[in-house]
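Thanks, everyone. I'll walk through one model this morning, strand by strand and then through the open spaces. Have the structure up in front of you.

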Amino acid sequence: MDRRQMTLMLSDKEMTLLDQLAERRGMSKTALVRQALRLYQSVTERIESGEKVFVERPSTKEKTELMVL
Amino acid sequence: MKEHVGSVVLLDRTSGEPVAADVFRELDDKNFQDIETLWRPMLQRRRAEFPSWEAAGGANAQDSHWEWVDKAKEAERIMGRDTFAVECDGETQGLMLIDVAYARLPAQRGRELTYIELLAAAPWNRTKFLSTPRYKGVGRVLVSTAISLSVDLGFNGRIGLHSLPQSTMWYQGAGFTDVEFDTEKEMRYFEMSESDAAAFVGLKRSTL
């Protein structure tokens, strides 16, 4: 796959979060950003097409709408 | 845009000789043409020989309704979705559509994995579909490709899929773990852990 390089400027807080999430997910920071982008595209397309995105608690089936600004 | 991702070897079942094949990422018009003019008529004819979808599993024809062209075109614009083709002799010998999902095996639950949404060998390569299928190894090449992609994406080789009833024995034999019957999809769900995937790739090298 063709890949391009870019420099990403993050605050300390953002970088700490990126480090922590990469550690928790067992992925590199690049892999994590790639997955975040994929999720963001998926959520954006659904919202732009008029759908709502929910998070469901399996035990109670309680649903919470995911708000994306 | 279609991209060559690797050269592989299939086995000619008639001659017993290895033959060179190629794996491509993203399907093109030639693949679509093969699907519509070669795959679909063969699959639909074979499926029509059986009274039910369940019975069609006896000839490995339960996927005759899969809409490869529509799915492949949709995948082109969605990040995380990819299509792959195995080609040999100028024809499409196998196809795979992948996505990203989350693991269900307890040891890796919630971790990202490469999810094989669709995987099929060309009808003429299938045992039970024909008495003398042409090439062996297409399924293994595609599963290996999914594992490679999983590693490339940072998922350490983890892969998962829902299996048609006709294919469950193949996936079990290949080293997938039969995780559960998914009541939403009404299909069995299988998964490979990182170590399962490493073992599969090693197995593939020794058997192809």
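Start with β4 of chain B. This is a predicted model, and in it β4(B) is mostly covered: 10 of its 12 residues are buried. The strand runs from 91 to 102. On one side, β4(B) pairs with β3(B), antiparallel, over seven bridges. B:Cys88 sits opposite B:Glu91 of β4(B) there. The two strands make a hairpin with two residues between them. One residue to look at in that hairpin is B:Asp89, where phi is positive, near 60 degrees.

Now go to the β5(B) partner. β4(B) and β5(B) are antiparallel too, with nine bridges. Find B:Ala101: the bridge partner in β5(B) is B:Leu113.

Zoom out to the sheet. What is the strand order? In chain B, nine strands form an open sheet, in the order β6-β1-β2-β3-β4-β5-β7-β9-β8. The pairing is mixed. The edges are β6(B), residues 135–136, and β8(B), residues 177–182; each of these pairs on one side only. As a reminder, strands of a sheet pair through backbone hydrogen bonds, either parallel or antiparallel.

Take the β6(B) edge. β6(B) pairs with β1(B), residues 3–12, in the antiparallel sense, and the contact is two bridges. One to click on is B:Asp12, which bridges to B:Tyr135 in β6(B).

Next, a helix. Which residues of α3(B), residues 68–75, are buried? They are B:Trp68, B:Val69, B:Ala72 and B:Ala75. These residues span an arc of only 130 degrees around the axis, so they lie on the same side of α3(B). And what covers them? The cover includes α1(B), residues 29–47, along with β3(B), β4(B) and β5(B). So β4(B), our starting strand, is part of that cover.

B:Trp68 comes back in the next stop, the cavity. How many cavities of 30 Å³ or more does a search of the whole structure find? One. The volume of the largest cavity is about 60 Å³. Its lining is B:Ile35, B:Trp39, B:Arg40, B:Leu43, B:Asp63, B:Ser64, B:Trp66 and B:Trp68. α1(B) gives the largest share, four residues. By class, that lining is five nonpolar, one polar and two charged.

Now the largest pocket. There the space is about 1,500 Å³. It has 34 lining residues, and the closest to the centre are A:Arg38, A:Leu39, A:Ser42, A:Arg46 and B:Tyr102. Note that both chains are in that list. Three elements give two or more residues to the lining: α2(A), residues 29–48, β1(A), residues 54–57, and β4(B). α2(A) has the largest share, with nine residues. As for character, the lining counts 16 nonpolar, three polar and 15 charged residues.

Stay with β1(A) for a moment. β1(A) pairs with β2(A), residues 62–65, antiparallel, over four bridges. A:Phe54 faces A:Glu65 of β2(A) across the pair. These two strands form a hairpin as well, with four residues between them. In the turn, A:Lys61 has a positive phi of about 65 degrees.

That brings me to backbone angles in chain B. Most residues other than glycine have a negative phi, and most peptide bonds are trans. Where do we find exceptions in the loops? B:Lys128 has a positive phi, near 75 degrees. B:Lys128 is in the loop between β5(B) and β6(B). The relative accessible area of B:Lys128 is 48%, so the residue is partly exposed.

B:Asn156 is another, with a positive phi near 60 degrees. Look for B:Asn156 in the loop between α4(B), residues 138–152, and β7(B), residues 159–163. B:Asn156 is at 36% relative accessibility, so this residue also counts as partly exposed.

Last residue. B:Ser195 is in helix α6(B), residues 194–207. Is B:Ser195 buried or exposed? Exposed, because the relative accessible area is 53% and the cut-off is over 50%. B:Ser195 and B:Asn156 are 39 residues apart along the chain, and their C-alpha atoms are 9.1 Å apart.

That's the tour. Over to you for questions.

Methods:
Residues are numbered from 1 along each chain as its sequence is written. Chains are lettered from A and ligands numbered from 1 in the order in which they are written. This is a predicted model: local features need pLDDT of at least 70, side-chain atom pairs count only at pLDDT 80 or more; totals for chains, interfaces and linings use all residues. Side-chain values use heavy atoms; hydrogens and water are left out. Buried means under 20% relative accessible area, exposed over 50%, partly exposed in between (1.4 Å probe, protein chains only). The arc is that of the directions from the helix axis to the C-beta atoms. Contact means heavy atoms within 4.5 Å. Two strands pair if DSSP finds at least two bridges between them. On a 1 Å grid over the protein atoms alone, a cavity is a set of points where a 1.4 Å probe fits but cannot get out, and a pocket is an open set with protein on both sides within 12 Å along at least five of seven lines; lining residues have an atom within 4 Å of a point. Grid points are joined across faces, edges and corners, and a volume is the space filled by probe spheres set on the points. Ala, Val, Leu, Ile, Met, Phe, Trp, Tyr, Cys and Pro count as nonpolar, Asp, Glu, Lys and Arg as charged, and the others, Gly among them, as polar.
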